[in-house]
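Reader: I've got a chain open on my screen and I'm new to this. Could you walk me through it?

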Amino acid sequence: MTEQPRYSDASAGSGRPVSGGPWSPGSPAAPHRSARRTIASFGRYEDAERAVDRLSDLGFPVERVAIIGQDLQTVEQVTGKMDYPRAAWRGALSGAVPGALIGWIFGLFNWVNPLITAVLLALYGAIIGAVIGAIIGVIIYALQRGRRDFASVTVMRPQGYEVVVDDEVADEAARLLGTGV
């Protein structure tokens with residue numbers, strides 16, 4: 001189901017720039033940041049993206065458009081209980097990847113047989129990185145002394161999205177989208 005755009009007071013056709021309105025960096029080609037006006041608001045990013053795509057299809061200069069996420073919300077999803085083995089495992093995974101990358105890069109500098117050397121050093125780097133990462137993971141977990149006995153993933157997501165356009169062309173963009181600004 002497609003959500004219909006919600007319109008703010010700033011887009012009610014007053015023709016005035018939004019004071020204290022949504023900030024955006026402005027058009028990349030513009031020498032300075034010009035005033036911008038909200039022409040539509042959406043609850044889902046896909047709907048805002050579709051509106052900008054429609055403007056693009058209708059020949060509107062989309063470099064004068066921005067999609068701004070509003071009302072950020074931090075969501076921390078708990079993924080499980082943290083203990084010493086899990087801290088060691090997460091540390092090992094975190095250390096193995098950079099260890100392998102560093103080993104692979106150093107292996108490429110071998111003049112005799114760079115491919116074999118790069119693979120071997122990547123393997124050694126992954127092993128050494130995993131060991132060092134596991135040790136550091138356990139030490140960090142031990143230093144917390146039970147204050148955070150869980151693992152989690154944190155994401156930020158906006159509650160809504162606004163399509164804003166340079167004030168000089170906002171009326172045209174609203175007309176093309178059929179928002180009646």
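Author: Sure, and let's begin with how far to trust it: pLDDT is the predictor's confidence in each residue, from 0 to 100. Here 80% of the residues score at least 70, and the chain averages a pLDDT of 81. This is a predicted model, where local features need pLDDT of at least 70, side-chain atom pairs count only at pLDDT 80 or more, and totals for chains, interfaces and linings use all residues. Residues are numbered from 1 along each chain as its sequence is written, and side-chain values use heavy atoms, with hydrogens and water left out.

Reader: Over which residues is the pLDDT below 50?

Author: Where pLDDT is low, the predicted coordinates should not be read in detail. The stretch in question still has 43 contacts beyond near neighbours in sequence (contact means heavy atoms within 4.5 Å). Its pLDDT is below 50, and it covers residues 1–23.

Reader: In what order do the elements of the chain run?

Author: Helices (H or I, at least four residues) and strands (E, at least two) are DSSP runs, numbered from the N terminus. The chain has four helices and three strands. Going from the N terminus, the order is β-α-β-α-α-β-α.

Reader: How many aromatic pairs are there?

Author: Rings of Phe, Tyr and Trp (its six-membered ring) pair if their centres lie within 6.5 Å; planes under 30 degrees apart count as stacked, over 60 as edge-to-face and the rest as tilted. By that rule, the count is two.

Reader: Why is the pair of Tyr45 and Tyr161 edge-to-face?

Author: The ring centres of Tyr45 and Tyr161 sit 5.5 Å apart. Tyr45 lies in helix α1 and Tyr161 in strand β3, so the pair ties together parts 116 residues apart in sequence. The pair counts as edge-to-face because the planes are at 70 degrees.

Reader: Which helices hold Tyr84 and Tyr141?

Author: These two form an edge-to-face pair too, with 4.9 Å centre to centre and 85 degrees between the planes. The pair ties together parts that are 57 residues apart in sequence, because Tyr84 lies in helix α2 and Tyr141 in helix α3.

Reader: Is Tyr141 buried or exposed?

Author: Buried means under 20% relative accessible area, exposed over 50%, partly exposed in between (1.4 Å probe, protein chains only). Its partner Tyr84, at 45%, is partly exposed. Tyr141 has a relative accessible area of 12%, so Tyr141 is buried.
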